[in-house]
Amino acid sequence: MSPFLLTRTLPEDATEAALSADVLHGLTRTPKALPPKWFYDARGSELFEEITRLPEYYPTRAEREILLDRAPEIAAASGAHTLVELGSGSSEKTRHLLDALPSLHSYVPVDVSESALTGAAKALLEERPGLNVHALIADFTRGLALPGTPGPRLVAFLGGTIGNLLPAERAVFLRSVRSLLAPGDALLLGTDLVKDEDVLVRAYDDASGVTAAFNKNVLSVIARELGADVDPDDFEHVALWDREQEWIEMRLRARFALTVKIPELDLVVPFEAGEEMRTEISAKFRQEGVRTELAAAELELTHWWTDTEGRFALSLATAS
């Protein structure tokens with residue numbers, strides 16, 4: 001077996017088609033909304049990396065602390081020979097798990113970005129020449145078929161990204177993950193936890209304005225890819241805590257009445273002054289809620305690890 005294989009499960013034009021469909025649907029509904037995945041072009045990814053280093057943004061540091069402190073326990077509990085990472089990106093955090101899994105045979109990173117996958121694989125194979133990497137260009141929210149690698153397999157979904165899904169979407173996602181698991185396989189799930197409202201809001205509305213620029217970047221993506229005549233400066237960044245749903249919402253608020261024309265979609269979108277468009281939810285969790293959602297997908301929570309301040313959790317679940 002070659003140490004690096006790359007399998008494309010998405011058509012070459014899948015990203016463009018998905019963006020068009022999401023923008024058409026999101027900007028013609030009430031209230032307007034766009035999925036957060038469109039933040040992440042090259043500039044958006046740079047901004048997010050900057051966000052992870054901000055003093056206000058604790059999730060990345062908290063999750064890294066757990067991985068550094070608990071990776072041997074996670075490895076022992078899973079006994080994994082294959083590590084599958086959904087939304088792998090640069091695979092930076094995954095290195096802690098790779099180092100802790102003594103019997104690891106294969107790493108299967110899954111991402112929509114071919115450049116991210118190939119770049120991460122090159123770095124990993126230079127560091128770990130005995131590792132087999134089988135990368136998948138795939139959208140894990142739309143169903144997934146894993147390559148034939150040795151079990152047990154540990155499927156990792158880190159970063160609290162599951163919080164970007166609405167409850168019904170989370171249920172569908174967890175059931176799809178359950179369908180991938182054979183006896184002995186496990187899911188390692190990262191979840192940000194409910195905490196003081198001020199701490200949460202500051203994490204998504206930092207004093208230096210990096211998150212605001214990140215939020216507005218979705219407009220730059222639409223302008224570049226779909227020819228939209230939209231100026232990000234015509235919108236302001238909004239982050240608020242929804243106490244009932246227990247999630248942060250990021251929105252873009254029109255500073256004045258304006259019209260956005262998107263010729264690629266033959267679409268004209270009016271915004272009233274002060275009208276808000278949701279660009280992200282980031283749900284926060286409690287242990288019992290995570291246990292309940294996993295159980296609904298026929299997954300049993302077996303291990304729960306948090307950072308020392310109890311801000312973030314990694315949980316291990318197996319097929320029930």
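This dialogue reads a sheet, two helices packed on it, and a few backbone features in a predicted model.

Visitor: Start with the sheet. How many strands form it, and in what order?

Guide: Sheet order is given by strand numbers, listed from one edge to the other. Here eight strands form an open sheet, ordered 1-4-3-2-5-6-13-12, and the pairing is mixed.

Visitor: Why is one side of strand 1 and of strand 12 left without a neighbour in the sheet?

Guide: Strand 1 (4–8) and strand 12 (299–306) are at the edges and have a single partner strand each, so one side of each lacks a neighbour in the sheet. As for twist, neighbouring strands of this sheet are turned against each other by 20 degrees on average, with direction ignored.

Visitor: In which sense do strand 5 and strand 6 pair?

Guide: Strand 5 (residues 153–157) and strand 6 (residues 186–192) pair in the parallel sense, over four bridges. To place the register, take A156: its bridge partner in strand 6 is L188.

Visitor: Now the helices. Which strands does helix 3 lie across?

Guide: Helix 3 (residues 59–78) lies across strand 5, strand 6, strand 12 and strand 13 (312–319). Against strand 13, helix 3 runs at about 30 degrees.

Visitor: And which strands does helix 5 touch?

Guide: Helix 5 (residues 114–127) packs on the sheet and touches strand 1, strand 3 (106–111) and strand 4 (132–137). The direction of helix 5 makes about 170 degrees with that of strand 1.

Visitor: Turn to the backbone. Where is the peptide bond from T30 to P31, and is it cis or trans?

Guide: Omega is the angle to read for this. The bond from T30 to P31 has omega near -5 degrees and is cis. P31 sits in the loop between helix 1 (14–26) and helix 2 (42–52).

Visitor: What joins G151 and P152?

Guide: G151 and P152 are joined by a cis peptide bond, with omega about -5 degrees. P152 belongs to the loop between strand 4 and strand 5.

Visitor: What is the sign of phi in E246, and where is this residue?

Guide: Phi is read together with residue type. E246 is not glycine, yet its phi is positive, near 55 degrees. The residue is in the loop between strand 7 (235–242) and strand 8 (247–254). With a relative accessible area of 21%, E246 counts as partly exposed, since the buried class is under 20%.

Visitor: What is phi of E298, and how exposed is the residue?

Guide: E298, also a residue other than glycine, has a positive phi near 65 degrees. E298 lies in the loop between helix 9 (287–296) and strand 12. Its relative accessible area is 48%, so E298 is partly exposed; the exposed class is over 50%.

Conventions
Residues numbered from 1 in each chain as written. Predicted model: local features only at pLDDT ≥ 70, side-chain atom pairs only at ≥ 80, totals over all residues. Heavy atoms only, no water. Pairing = 2+ DSSP bridges. Helix = DSSP H or I, 4+ residues; strand = E, 2+ residues; numbered from the N terminus. Axes fitted to C-alpha atoms, helices over the stretch in contact; angles between N-to-C directions. Contact = heavy atoms within 4.5 Å. Buried < 20%, exposed > 50% of the residue type's maximum accessible area, 1.4 Å probe, protein only.
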